[in-house]
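Hello,

Here is the structure I promised to pass on to you. Please open it alongside this email, and then read on for what turned up in it.

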Amino acid sequence: MSPRGREVLLRLVLSTVAVGAVLLGVELALRAAGYVPRWYHASARLVDARWRMLLDCYPSNPRGYFDIDLRAPESRERYFHLAPHRYDSVAARTPWAVHVEYNSLRFRDVEPMPRRAGVRRVVIVGDSFSEGQGVKEADTCARVLERLLNDGGGQWEVRNCGRRGADFPELYDEAFDGALKYSPDVVVYGMVLNDADRSPEFQARQSYVNDWILDRGRLHDGRPFPELRLFDSRLKSLVADRVETWRTARATARWYHDMYGEANRAGWERTQGYLRDMNRRTLAMGGRFIVASWPLMIDLEGDDPFADVSEKVARFCLAAGIPRHDLREAFHGQRTESLWVHPVDIHPNETAHRLAAESLAPVVRALLPNP
């Protein structure tokens, strides 16, 4: 071998040894730090057969917000009837809970009743963001908004007509129809990106690995967590976890973008029809209708990853004569994870609901003239 060849070979060997040493150092550091992929027990739900009482249940209490411990004797006595065959297993895996009560319309509020003279009534329609999944009743946007409006003068009622899991057409056929029973002065539709009507073909594309509302990719419902054995590489596991997170995030983002594009054109057109009709029916009752757009609770520190979709919704509302308020600005400067109900449940928490209500209060007031 020529001197030049020996030099190249030596450099190659030294580079390989250096890279190997770095990788070994990283592997040892991960082991010393006790690295394992982040896994959680899935959140759970206990609900009675009539949907009048429900518990949102979580595997841990990282913020100290959840004050119901299902393992406590008094909790078992109060809630065991919700699911006698599941209670103990749920309490073992997901013991921390939030109490929710519904009326006969399956809204988290009082039954419809006539308004008192001089009281202006607001209803909030939407899905689990509006209902307040994982948030105590007093901390929901509806209740905070009601307090803010009354503190600012006049007499106000705010009724919570959010319904978890509802998308169009259910949002229109059931939630909105039910909300009109309150004879509102203002209807606030809390829009979330996944609300749009969808064709069966488009819906089939969503694998529900991660929709950025529930982090399903890290949830294990009753199954043992994957374990790293002694000779399993922590570095390999870390890289695989990051690659899978990136791959899933890209596919999920594409699904949300396409929901308002050509791939779901018929579904988006039907959604626009529902919104026009919600506005028309509210106006016909003498009320005002407004779309309040919730962001997905991701990447709130930076630019909106769905700015093009938000702009499309804004253009439609402008052309249809429907007022719209973007709630994303209410969370500016907040750390994204600080606004989550739980690491496995990326619904807006009590802080996010308060910020949303503070953002909405002057907008709602501006919709109604002084009495």
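What follows is a short tour, from the overall picture to individual residues.

Please keep in mind throughout that this is a predicted model.

**Overall picture**

The protein has 371 residues, and 50% of them count as buried. Its secondary structure comprises 11 helices and 13 strands. Among contacts with a separation of 6 or more, 80% are between residues 24 or more positions apart. The exposed area is about 18,100 Å², with carbon and sulfur atoms supplying 56% of it.

**Helix α6 and the rings around it**

A good place to begin is α6, which spans residues 170-180. Its buried residues are L171, Y172, A175, F176, G178, A179 and L180. What covers them? The cover includes β6, β7, β8 (186-191) and α9 (265-284).

Two of the buried residues, Y172 and F176, also belong to an aromatic cluster, where ring pairs link them with F168, Y189 and Y274. F168 deserves a second look for its backbone: the peptide bond from F168 to P169 is cis, with omega near 10°. P169 sits in the loop between β7 (155-162) and α6.

Across the protein there are 15 aromatic pairs. One of them joins Y260 and W268 edge-to-face, with 5.0 Å from centre to centre and 65° between the planes. Y260 and W268 are both buried.

**Charges over rings, and two positive phi angles**

Which residue lies over the face of W51? That is R106, at 4.1 Å from the ring centre. R106 is in the loop between β5 (96-101) and β6 (119-126), and R106 has a positive phi of about 65° although it is not a glycine. With a relative accessible area of 23%, which falls between the 20% and 50% cut-offs, R106 is partly exposed.

A second charge over a ring is K136, which lies over the face of Y65 at 4.4 Å from the ring centre.

D299 also has a positive phi, of about 50°, and is not a glycine either. You will find D299 in the loop between β10 (288-293) and α10 (307-320), where D299 is partly exposed at 44% relative accessibility. As background for these backbone features, most residues other than glycine have a negative phi, and most peptide bonds are trans.

**Salt bridges**

The model contains 29 salt bridges. In one of them, E157 pairs with R121, and the closest N and O atoms are 2.8 Å apart. This pair links distant parts of the chain, since E157 is in strand β7 and R121 in strand β6, 36 residues apart. Are these two residues buried or exposed? E157 counts as buried at 12% relative accessibility, and R121 counts as buried at 2%. Both residues also take part in a network of salt bridges that links R108, D109, R121, E137, R143, E146, E157 and R159.

Helix α10 offers a local pair: the side chains of R315 and E311 meet in a salt bridge at 3.9 Å, N to O. The two lie 4 residues apart in that helix, about one turn. An α-helix has 3.6 residues a turn, so residues three or four places apart point the same way. R315 is partly exposed, with a relative accessible area of 47%, and E311 is partly exposed as well, at 42%.

R324 and D326 form another salt bridge, also at 3.9 Å, N to O. R324 is partly exposed at 25% relative accessible area, and D326 is partly exposed at 27%.

**On the surface**

L9, L12, V13 and V17 make a nonpolar surface patch of about 350 Å². V13 belongs to helix α1 (residues 3-32) and is partly exposed, with a relative accessible area of 42%.

Finally, A49 is in the loop between β2 (44-47) and β3 (53-58). At 83% relative accessibility, A49 counts as exposed. A49 and A83 are 34 residues apart in sequence, and their C-alpha atoms are 9.1 Å apart in space.

Happy browsing, and best wishes.

Conventions: Residues numbered from 1 in each chain as written. Predicted model: local features only at pLDDT ≥ 70, side-chain atom pairs only at ≥ 80, totals over all residues. Heavy atoms only, no water. Phe/Tyr/Trp six-rings, centres within 6.5 Å; stacked < 30°, edge-to-face > 60°. Buried < 20%, exposed > 50% of the residue type's maximum accessible area, 1.4 Å probe, protein only. Lys NZ or Arg CZ within 6 Å of the ring centre and 35° of its normal. Patch = residues over 30% accessible without salt bridge, like charges linked within 9 Å, V, L, I, M, F, W, Y side chains within 5 Å. Areas by Shrake-Rupley, 256 points an atom, 1.4 Å probe, with all protein chains shown as cover. Salt bridge = Lys/Arg side-chain N within 4 Å of Asp/Glu carboxyl O. Contact = heavy atoms within 4.5 Å.
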